[in-house]
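Colleague: Could you take me closely through the surroundings of the ligand, and then place that part within the rest of the chain?

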Amino acid sequence: MIKFWKKRAENSIATRHLKFDKDLEEIKKELKSKIGKKFAGSLAIRMVSSGSCNACEAECNALLNPYYDLERLGIHFVASPRHADAMLLSGVVGVNMYHHILDAYHQMPQPAYIITLGDCPLLEGTFEKSVAIKGAKSLDLPIFHHIAGCPPEPKEIIEGLLTFLKHLP
Ligand code: SF4
């Protein structure tokens, strides 16, 4: 126990030693400017988990911490698809979620964009032939952008969102 507290006192708070990521700051600056131009400064995202392991969601939670602080750039995660400009879809699209995803999408104001998050939605592997899994392709909805990774790190998600904004008409 003494060892633990000694280490705490020596190292102080871990986040104090985070290095300033210049690259990330540049990406954030560009993201904020694009959100300003394309969404009048406020991009609302509805996260839909369709049978994920929750690691993708955990990485998204990190986006709202004081280090990444996406709300400061104008990105908001909203509870209702009716308030959302884009859907962030994670997970394998299980049979039980299939109709809920379609339902959520059709409640979104148009144009609504679907961004798939993590490798699961486009799964082509072990579980692909399972009767419990349908996969995002089966939704027959326009998937505008994909953010790859298992799970993608917060910085990769931010970069992915910037690429999504760059591809918007
Ligand atoms: S892509 Fe990986 S981390 Fe994300 S939900 Fe699927 S298994 Fe989990």
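Modeller: By class, the shell around the ligand is made up of six nonpolar, four polar and one charged residue, and I should say at once that this is a predicted model. The residues that surround the ligand begin, in sequence order, with Ser-52, Cys-53, Ala-55 and Cys-56, continue with Ser-90 and Gly-91 and then with Gly-118, Asp-119 and Cys-120, and end with Cys-150 and Pro-151. Because Asp counts as charged and Cys as nonpolar, Asp-119 is the one charged residue of this shell, while Cys-53, Cys-56, Cys-120 and Cys-150 are among its nonpolar members.

As for the rest of the chain, its secondary structure comprises five helices and five strands, which follow one another from the N terminus in the order α-α-β-α-β-β-α-β-β-α. Helix H5, residues 154-167, packs against helix H2, residues 22-39, in such a way that their axes come within 10 Å and cross at roughly 35°, and the crossing is left-handed. On the H2 side the contact is made by Leu-24, Ile-27, Lys-28, Glu-30, Leu-31, Lys-34, Ile-35 and Lys-38, and on the H5 side by Lys-155, Ile-158, Glu-159, Leu-161, Leu-162, Leu-165 and Lys-166; sorted by class, these are eight nonpolar and seven charged residues, with no polar ones.

Over the whole chain, residues 24 or more positions apart account for 81% of the contacts that have a separation of 6 or more. Of the 169 residues, 32% count as buried, and the C-alpha atoms fill a box of roughly 55 × 40 × 25 Å along the principal axes.

Terms used:
Residues are numbered from 1 along each chain as its sequence is written. This is a predicted model: local features need pLDDT of at least 70, side-chain atom pairs count only at pLDDT 80 or more; totals for chains, interfaces and linings use all residues. A residue is near a molecule or strand if its C-beta atom, placed from the backbone, lies within 6 Å of it. Axes are lines fitted to C-alpha atoms, for helices over the stretch in contact, and angles run from 0 to 180 degrees between N-to-C directions. Helices (H or I, at least four residues) and strands (E, at least two) are DSSP runs, numbered from the N terminus. A crossing is left-handed if the near helix is turned anticlockwise from the far one by less than a right angle, and right-handed if clockwise. Two residues are in contact if their C-beta atoms, placed from the backbone, lie within 7 Å. A residue is buried if 20 or more other C-beta atoms lie within 10 Å of its own, exposed if 12 or fewer, and partly exposed in between; C-beta atoms are placed from the backbone.
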